[in-house]
Amino acid sequence: MQLKVNGKDHSVDVDPTTPLLWVIREQVGLTGTKYGCGIAQCGSCTVMLEGQAIRSCVIPVSAAAGKNVQTVEGLATNGKLTKLQQAWIDHQVPQCGFCQSGMLMAATDLLAKKSKPTDADIDAAMTNICRCGSFQEVRAAIHSVAKA
């Protein structure tokens with residue numbers, strides 16, 4: 001099966017029903033995308049598929065074959081962080097950091113759809129779970145990028 005992850009082609013030999021998350025982590029070798037719950041509730045596994053945020057723990061790899069997949073490792077360009085990644089640092093969003101790759105991907109999707117999101121837009125889009133409770137910092141980081 002052919003996958004395009006972060007702009008690079010990968011040939012993987014896996015069962016087509018294998019969750020995309022495990023292929024990204026174990027076959028492609030990108031471990032920024034995390035396993036949290038395995039039932040698409042927590043958001044730790046969020047990646048972009050054809051520009052849309054999805055929960056990769058419940059998507060079979062066959063659904064991603066031949067499509068563009070972007071992981072957190074694919075956000076920065078030539079080592080230069082995106083404005084959102086820099087805002088994450090500036091607003092000290094990460095606590096333990098486990099959920100942050102999924103949060104960044106969900107926020108990237110939100111800002112692609114709504115360049116000036118309201119608090120309600122952020123609350124509706126950011127359904128990822130953060131056990132550390134960094135939701136206020138997430139909101140501040142998103143608003144700072146929207147204002148820039």
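**Helix α3, the nonpolar cores and local backbone**

N6 is found in the loop between β1 (2–5) and β2 (8–11), where helices (H or I, at least four residues) and strands (E, at least two) are DSSP runs, numbered from the N terminus. This is a predicted model, in which local features need pLDDT of at least 70 and side-chain atom pairs count only at pLDDT 80 or more, while totals for chains, interfaces and linings use all residues. Residues are numbered from 1 along each chain as its sequence is written, and side-chain values use heavy atoms, with hydrogens and water left out.

Colleague: What is the phi of N6, and is N6 buried, partly exposed or exposed?

Modeller: N6 is not a glycine, yet its phi is positive, at about 55 degrees. Buried means under 20% relative accessible area, exposed over 50%, and partly exposed in between (1.4 Å probe, protein chains only). With a relative accessible area of 26%, N6 is therefore partly exposed.

Colleague: How many of the 14 residues of α3 are buried?

Modeller: Helix α3 covers residues 100–113 and reaches 20 Å from its first C-alpha to its last, close to the 20 Å expected at 1.5 Å a residue, the expected span being 1.5 Å times one less than the number of residues. Its buried residues pack against several elements, among them α2 (83–90), α4 (119–125) and α5 (135–147). The helix is mostly covered, and the number of buried residues is 11.

Colleague: Which helix supplies the largest share of the largest nonpolar core?

Modeller: A nonpolar core is a set of buried Ala, Val, Leu, Ile, Met, Phe, Trp, Tyr and Cys residues joined through side-chain atoms within 4.5 Å. The largest one has 23 residues, of which L84, W88, M103, M126, V138 and I142 touch the most other members. Helices α2, α3 and α5 each supply at least two residues of this core, and the largest share, 7 residues, comes from α3.

Colleague: Which residues form the aromatic pair, and where do they lie?

Modeller: Rings of Phe, Tyr and Trp (its six-membered ring) pair if their centres lie within 6.5 Å, with planes under 30 degrees apart counted as stacked, over 60 as edge-to-face and the rest as tilted. The pair is tilted, at 5.2 Å centre to centre and 35 degrees between the planes. One partner lies in helix α1 (residues 20–28) and the other in the loop between α1 and β3, so the pair ties together parts that are 13 residues apart in sequence: respectively W22 and Y35.

How values were computed
Contact means heavy atoms within 4.5 Å.
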